[in-house]
Amino acid sequence: TTWLQVQGGKAVQGVYGATPLALISAGDTANLPSMMEMFLGARGGCMGETCALALIIGGAYQGKCTFAAEKYRLTAADICDLAADAPAPARCYVHLEALTRRGQAAEALPLLLAAEVVVSREIGSGVVPIDAGERAWRERHGTLMQELARRADHVTRVFCGLTEVLK
């Protein structure tokens, strides 16, 4: 990010540094600018900074993760697998359905919204289960997916390795 900044008594342009969202995503809250600095815009990326969130959805084994890795040049270090790990700052989250099954979506929402990519299996398109717990999970998952789709800049469905841009 570049912005006008005073260094050594002179106004200079071209200073590069992590934005507040990047700092939060990296877990580095100690170096966040003050609320006043963010309000006045003394740091780049403040006041209204947004993350271009991409939501990728589709059925199991349809190519969602392959598509995400190729399109967004993701490495294994960029990905937080929510089926295996607790939510932690990452560029990409996969297996969102595991997070909603555990009932942890609300507390993880800020991390998800700060991510570049969220990949999730579609789970509500099949037979409605008899089990009340399974129906509640599908409802929780669907509610979270609606919120993410509403806030995402890009929503893509992957089916049989083919992509369909929804938003």
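Start by selecting helix α3 together with the strands β3 (54-58), β6 (117-121), β7 (154-159) and β8 (162-165): the buried residues of α3 pack against these four. Keep in mind as you click around that this is a predicted model.

**Stop one: the helix**

Now zoom in on α3 itself, residues 64-72, and show the side chains of K64, F67, A68 and Y72, which are buried. Look at how they are arranged: they cover an arc of only 95 degrees around the axis, so they end up on the same side of α3. The spacing helps here, because an α-helix has 3.6 residues a turn and residues three or four places apart point the same way. Then step just past the end of α3 to R73, where phi turns positive, at about 50 degrees.

**Stop two: the sheet**

Hide the helix for a moment and colour the strands. What order do the strands of the open sheet follow? Reading across, you get β4-β5-β6-β3-β7-β8, six strands with mixed pairing. Click on β4 (79-81) and then on β8: these two stand at the edges, and each has a single partner strand, so one side of each has no neighbour in the sheet. From one strand to the next, the twist averages 20 degrees.

Next, pick out β5, residues 92-94, alongside β6. The pair run parallel and are joined by two bridges. Select C92 and look across to β6, where V117 stands opposite.

**Stop three: D78**

Bring α3 back and follow the chain into the loop between α3 and β4, where you'll find D78. Is D78 buried or exposed? Its relative accessibility is 16%, and since the cut-off for buried is under 20%, D78 counts as buried. Show the side chain of R91 too: a polar contact of 3.0 Å links it to the side chain of D78. Leaving out residues up to four places away in sequence, D78 touches R73, A90, R91 and C92. You've already visited R73, just after α3, and C92, opposite V117.

**Last stop: T156**

Finish in strand β7, with T156. This residue is buried too, at 9% relative accessibility. Add A54 to your selection: T156 and A54 are 102 residues apart along the chain, yet 7.7 Å separates their C-alpha atoms. Which residues does T156 contact, leaving aside neighbours within four places in sequence? Select L55, I56, I57, F67, T163 and E164. F67 among them takes you back to where the tour began, as one of the buried residues of α3.

Terms used. Residues are numbered from 1 along each chain as its sequence is written. This is a predicted model: local features need pLDDT of at least 70, side-chain atom pairs count only at pLDDT 80 or more; totals for chains, interfaces and linings use all residues. Side-chain values use heavy atoms; hydrogens and water are left out. Buried means under 20% relative accessible area, exposed over 50%, partly exposed in between (1.4 Å probe, protein chains only). The arc is that of the directions from the helix axis to the C-beta atoms. Contact means heavy atoms within 4.5 Å. Two strands pair if DSSP finds at least two bridges between them. Axes are lines fitted to C-alpha atoms, for helices over the stretch in contact, and angles run from 0 to 180 degrees between N-to-C directions. A polar contact is a pair of N or O atoms within 3.5 Å; within protein, one must be able to donate a hydrogen and the other to accept it, and residues adjacent in sequence count only if both atoms are side-chain atoms.
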